[in-house]
Structure formats: structure tokens, C-alpha cells
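Here are my notes on the model you sent over. I've kept them as numbered points so you can reply to each in turn.

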Amino acid sequence: MRNIKKPVLSSVILGIIIISCVFADIISPGNPGRMNFDAIRKPPDINYIFGTDQLGRDMFRMILHGGRVSLAIGLLASSVSAFTAVVYGAVSGLSPKWLDNLLMRFTEIIMSVPSVLYIVSIQAALGKPTVLSLSLLIGMTSWMNISKIIRTEVRQIHRSEYILAARLSGAKFPYILRRHLLPNFLPSVMFMLIYNVSQAIAAEATLSFLGLGMPPGSATWGSLMSLSQSALLTNSWWIIIIPSLFLITTLVCITNIGEYLRRR
């Protein structure tokens, strides 16, 4: 255990990014979408430390406010996927063999189709995307791998004497899950739950980059990266590099923390 290097640097950097995004209204007050046509595509300087985009919007303000949206989607989507995976995996692990096989085959069928196709199809039916709708869609399409691990853990411990005693004494499924199953398999999947946060943030960025995420004008890290095409044509390097650095740094820090939890 002492040889496992703690992700101190990743935790500090991630903490600074999260705190900066949470207190974006204090650090950089104002509307992130406010346009200033007198400062279009201005490189980083004293007034605009991260420069401005093609509409004269302050990149520093947009990154902080946009990071708050991206992080919120990542946490909400991860919570949805974790809840779904825990319930589905526990039910499958406690079910008879025929039902367990049926549930696992259904999971494999869902996994055989790229999650982006589900998100695009359902979001097209729902209409205008919101933080809540994107979080639900990303969360409901990213629970399968975790549920398979939970199912395996539950199958190994569901015949234990303390669980059998609880069932014979009349304990219901929610009580058994909360009291006996969850404490046993949660350490095994904790690192995957952390990974899910980074995957949800990356999924939101991918959807926004493709024009399928938050509505135009909404500041997210993905929507900022979608400006890369016009930025390349005008040699506005800061519009591409700075949002990308924030996104990549956040994903790397979360991945390092998840890797530490997995090894621990």
C-alpha cells in the first residue's frame, strides 16, 4: 500500500478547476455570452487573459462558466449510471439463472450499439437539449459495464449466511442491497464510477463538438471546442488550445484518481 503513489498533484489541480468553476460568478462575474465587437479574436493580454473568440466573448469567463456546466453534466450522468447499474446488477445477481441470463443478454445487445446513436435518436425526439436531459441520456447509456461487474460480485456473495439469514427473516430487496450488498461490491466498482465522470464529460464535449449538445450560445467546454474550425481559418490558436487544455487536464486528473482507487 505504501508503494502506491497518491495522486496528490491530480487532486490539487482538479480541486482548483472545480473551485474556480463553482465560484465562476465571483472570479469572473458577468454574462459569459456577452459580445464585444470591438475585441473580436483578441489574443491573450492583460484585459483578456485567455483572449476572445470570433464574437468578442471573453474566453476566460466562458471557460469557467462552461466548466460548471460540463462538470455538472459529468456528475449527474455518473450518478444516474451508478444508480441504474447498482439496481440492475443486483437484481440480475439475485435472480434465477434463466432471468439472469436474459438480463445479461439484454445488456450485451445494448452494448453492441454505440451510445452516441441512442443519445442522438432520443434527444431528437425530446427536442431542445438541456443539462438534465443530456445527463439522463448519457447516464442511461453508460451503466452496462458497471452492472456486469456488480452482477458478478453479487453472484459470489448472495449465498453468504448473513444474506440468507436476512432473507429468511423477511428482509426486502432494498434493505439487503443497502445493508449487505452495497458495502461489499462498492469498493470494487468505485474506480469505475470515477471513470464514468470523465467519460460523461468527454461524451458531452463530443456531442457539443458535433453540434448535438447544448444549444448554440451555451458555454460548455465542448461548445468552445466546436469553434475550432473557424479558429483554424483565422489562426486564433487560443480558441482551440486553452479550452482543450482545461478539458484534457480535467480528464487526466480524474483518470489518475480512478486509477489510484483501482490499485488501492
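Is Cys253 buried or exposed? Buried: Cys253 has 4% relative accessibility. I come back to that cysteine in point 4. Keep in mind throughout that this is a predicted model.

1. Overall fold. The protein chain has twelve helices and zero strands. Reading along the sequence, you just get α-α-α-α-α-α-α-α-α-α-α-α. The C-alpha trace spans about 75 × 50 × 25 Å along its principal axes.

2. Packing and surface. The chain has 264 residues, and 45% of them count as buried. Looking at contacts with a separation of 6 or more, 70% come from residues 24 or more positions apart. As for the outside, the accessible surface is about 14,300 Å², and carbon and sulfur atoms account for 66% of that.

3. Charges. I get 23 positive and 11 negative charges on the protein chain. The mean position of the positive set lies 10 Å from that of the negative set.

4. Cysteines. How many disulfides does the structure hold? Zero. Cys21 is in no disulfide, and the nearest cysteine sulfur to its own, that of Cys253, is 12 Å away. A pair would need its sulfur atoms within 2.5 Å to count, so at 12 Å Cys21 and Cys253 don't qualify. Cys253 likewise is in no disulfide, with the sulfur of Cys21 as its nearest. Cys21 is buried, at a relative accessible area of 2%, and Cys253 is buried too, at 4%.

5. Asp100. This one deserves a look in your viewer. Asp100 sits in helix 4, which covers residues 97-111. Its relative accessibility is 1%, so Asp100 counts as buried. What does Asp100 touch, leaving aside residues up to four places away in sequence? The list is Ser92, Gly93, Ser95, Arg151 and Arg155.

6. Salt bridges, starting with a pair that links two helices. The structure holds six salt bridges. One of the pairings joins the side chains of Arg68 and Asp25, at 3.4 Å from N to O. Arg68 belongs to helix 3 (residues 59-94) and Asp25 to helix 2 (residues 24-27), so the pair ties together parts that are 43 residues apart in sequence. Arg68 is partly exposed at 28% relative accessibility, and Asp25 is partly exposed as well, at 45%.

7. Two further pairs. Asp45 and Lys42 meet through their side chains in a salt bridge of 3.6 Å, N to O. Asp45 is partly exposed, with 28% relative accessibility, and Lys42 is partly exposed, with 30%. Then there is the salt bridge between Asp53 and Arg57, where the N to O distance is 2.7 Å. Are Asp53 and Arg57 buried or exposed? Both Asp53 and Arg57 are buried.

8. A small network. Which residues are linked with Glu108 in a network of salt bridges? They are Arg105 and Lys148. As a general reminder, side chains of opposite charge can pair when their charged atoms come close.

9. Where I'd start reading. For a quick tour, I'd take the buried Asp100, then the Arg68 and Asp25 salt bridge between helix 3 and helix 2, and finish with the two cysteines, Cys21 and Cys253, whose sulfurs are 12 Å apart.

Technical notes: Residues numbered from 1 in each chain as written. Predicted model: local features only at pLDDT ≥ 70, side-chain atom pairs only at ≥ 80, totals over all residues. Heavy atoms only, no water. Helix = DSSP H or I, 4+ residues; strand = E, 2+ residues; numbered from the N terminus. Buried < 20%, exposed > 50% of the residue type's maximum accessible area, 1.4 Å probe, protein only. Contact = heavy atoms within 4.5 Å. Areas by Shrake-Rupley, 256 points an atom, 1.4 Å probe, with all protein chains shown as cover. Lys, Arg positive; Asp, Glu negative; His and termini not counted. Charge placed at Lys NZ, Arg CZ, Asp CG, Glu CD. Salt bridge = Lys/Arg side-chain N within 4 Å of Asp/Glu carboxyl O.
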